[in-house]
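Reader: Could you walk me through this model and explain how its labels were arrived at?
Author: Gladly, let us take the labels one at a time.

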Amino acid sequence: MNKYSIFNLARQAKNYHQNWQAAWRSPEPKKHYDVVIVGGGGHGLATAYYLAKECGITNVAVLEKGWIGGGNTGRNTTIIRSNYLWDESAALYDHAVDLWGGLSQELNYNVMYSPRGVLHVAHSVHDLQEIGRRGNAIHLNGIKSKFMTPEEIVKMVPYMNLDCRFPVMGGLFQQLGGTARHDAVAWGYARAADALGVDIIQNCEVTGFDIKGGTVKGMATSKGKISADKVGVVVAGHCSVLADMAGFRLPIESFPLQALVSEPVKPCVDQVIMSNGVHAYISQSDKGELVIGASSDLYTSYTQRGGFDVIEDTLQAIVELYPALSRMKMLRQWGGIVDVTVDRSPILSKTPVDNLFFNCGWGTGGFKATPGSGHVFAHSIAEGNMHPYAAPFSIDRFNSGALVDEGAASAVAH
């Protein structure tokens with residue numbers, strides 16, 4: 001594997017950077033693997049990496065029906081935070097934040113993690129009560145954050161219109177929240193996993209599972225049959241489709257989720273600013289584009305476009321809150337497919353099929369959890385029992401009623 005350093009960059013510059021080797025191999029699938037991960041997004045690649053690095057399982061394949069980073073990993077708005085209400089959520093998401101801090105060094109690949117802070121603003125008494133409850137809860141879990149008055153907010157964000165159709169009554173600020181480069185996360189994990197012996201197989205769609213005696217033995221794919229001792233499925237919005245292939249149902253619905261970016265401008269949005277009450281949030285990329293997101297569409301669908309009315313409603317709120325941006329031109333819009341559970345929390349779980357594990361249901365908040373999700377899922381697959389951080393998110397909770405209800409923290413797209 002190429003070692004990225006200033007010395008290697010200088011050395012390669014002499015040959016006009018023509019001698020860099022491919023970031024990862026493109027092998028044909030083997031007949032058998034110890035573990036197969038279905039889904040080549042950030043969570044799946046992270047799982048494969050930690051299986052190889054920390055669990056010593058290197059006979060691993062990642063099957064991706066498209067290309068690496070072509071799904072939700074490349075279709076989100078890159079926000080990172082861990083200010084969730086329940087202890088179970090706080091533990092899992094803060095585990096991810098801890099890993100984000102050293103991820104570039106871990107992978108020898110700059111994922112551009114920027115802990116610029118995430119500000120949640122409140123527009124009503126109900127919003128204030130919600131962030132008050134959540135702020136006190138995360139404080140007890142050791143997650144650094146602080147409440148902000150309107151006066152403090154306007155000093156931090158001087159161009160925000162506090163006295164508009166959506167009056168700003170206060171906020172909750174998490175200092176270690178921020179952003180990272182979504183493509184770099186996928187590429188960094190893919191490159192690092194490949195260097196440890198993991199086979200990354202693109203354009204390989206799973207079309208069915210080989211299940212005998214209630215135990216998964218492998219799968220049928222567009223590149224032939226592959227056998228495996230264990231299988232982890234990490235396919236976001238299409239998880240229900242794969243579960244149906246395996247003979248069981250998931251309590252999940254899939255919705256389009258949209259975002260858009262503006263023309264680039266000089267730095268003006270220093271933080272990530274989120275507004276749950278009006279479902280609009282904004283940050284600025286390193287290229288200068290304003291990244292704007294909304295809530296998910298109201299209808300179930302596998303489309304990656306979504307309805308224009310959602311964008312229209314979101315931009316109305318953005319222009320009200322930030323009048324200085326009213327003449328900005330939008331460059332492009334896109335959509336992803338989010339998998340949503342009834343309690344707005346993920347599923348990391350064994351399934352009714354032995355040795356078949358599912359990691360899904362992240363809804364609108366999967367990107368931020370990428371390293372933590374992959375880390376605990378890898379250890380769960382390797383051990384055959386769910387990691388303590390993953391255990392509360394079992395499929396069984398929908399039968400027992402032990403839900404992890406994060407609707408207030410997760411219902412807004414982020």
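**Rings, helices and backbone angles**

Author: The structure holds nine aromatic pairs, and the model is a predicted one.

Reader: What makes the pair of tyrosine 93 and tryptophan 362 edge-to-face?

Author: Their ring centres are 5.9 Å apart, and a pair needs centres within 6.5 Å. Their planes stand at 85°, and planes over 60 degrees apart count as edge-to-face, so the pair gets that name.

Reader: Why do you say that this pair ties together parts that are apart in sequence?

Author: Tyrosine 93 lies in helix H3 (residues 87-101), whereas tryptophan 362 lies in the loop between strand E18 (356-360) and helix H10 (370-383), so the parts that the pair ties together are 269 residues apart in sequence.

Reader: Are tyrosine 93 and tryptophan 362 buried or exposed, and how do you know?

Author: Buried means under 20% relative accessible area. Tyrosine 93 has 3%, so it counts as buried, and tryptophan 362 has 9%, so it counts as buried too.

Reader: What about phenylalanine 248 and phenylalanine 358: what makes their pair edge-to-face?

Author: Their centres are 5.5 Å apart, with 75° between the planes, and over 60 degrees is the range for edge-to-face. Phenylalanine 248 sits in the loop between helix H8 (239-246) and strand E12 (252-262), and phenylalanine 358 in strand E18, so this pair ties together parts 110 residues apart in sequence. Both phenylalanine 248 and phenylalanine 358 are buried.

Reader: Which residues do ring pairs link into a cluster?

Author: The cluster consists of Tyr49, Tyr50 and Tyr189. Tyr49 and Tyr50 are among the buried residues of H2.

Reader: How do you know that the span of helix H2 agrees with its residue count?

Author: H2 (residues 42-53) has twelve residues, which at 1.5 Å a residue should span 16 Å; the end C-alpha atoms are 16 Å apart, so the two agree.

Reader: What makes H2 mostly covered?

Author: Eleven of its twelve residues are buried, including Gly42, His43, Leu45 and Leu51.

Reader: Why are H3 and H10 called roughly perpendicular?

Author: Their axes come within 7 Å and cross at roughly 110°. Angles from 65 to 115 degrees count as roughly perpendicular, and therefore H3 and H10 earn that description. On the H3 side, the contact is made by Leu92, His95, Ala96, Leu99 and Trp100; on the H10 side, by Thr370, Pro371, Gly372, His375 and Val376. By class, six of the residues in this contact are nonpolar, four are polar and none is charged.

Reader: Turning to leucine 242, how do you know whether it is buried or exposed?

Author: Leucine 242 is found in helix H8. Its relative accessibility is 8%, and the limit for buried is under 20%, so leucine 242 counts as buried. Leaving aside residues up to four places away in sequence, leucine 242 touches Val206, Phe209, Val233, Val235 and Phe358.

Reader: What is notable about the phi of tyrosine 16?

Author: Most residues other than glycine have a negative phi. Tyrosine 16 has a positive phi of about 55° although it is not a glycine. Tyrosine 16 is found in the loop between helix H1 (6-13) and strand E1 (32-38). With a relative accessible area of 67%, set against a limit of over 50%, tyrosine 16 is exposed.

Reader: And why is alanine 236 called partly exposed?

Author: Alanine 236 has a relative accessible area of 25%, which lies between the 20% and 50% limits, so the label is partly exposed. Alanine 236 also has a positive phi, near 50°, and lies in the loop between strand E11 (224-233) and H8.

Notes: Residues numbered from 1 in each chain as written. Predicted model: local features only at pLDDT ≥ 70, side-chain atom pairs only at ≥ 80, totals over all residues. Heavy atoms only, no water. Phe/Tyr/Trp six-rings, centres within 6.5 Å; stacked < 30°, edge-to-face > 60°. Helix = DSSP H or I, 4+ residues; strand = E, 2+ residues; numbered from the N terminus. Buried < 20%, exposed > 50% of the residue type's maximum accessible area, 1.4 Å probe, protein only. Axes fitted to C-alpha atoms, helices over the stretch in contact; angles between N-to-C directions. Parallel < 35°, antiparallel > 145°, perpendicular 65-115°, else oblique. Contact = heavy atoms within 4.5 Å. Nonpolar A, V, L, I, M, F, W, Y, C, P; charged D, E, K, R; others polar. Expected span 1.5 Å × (residues − 1).
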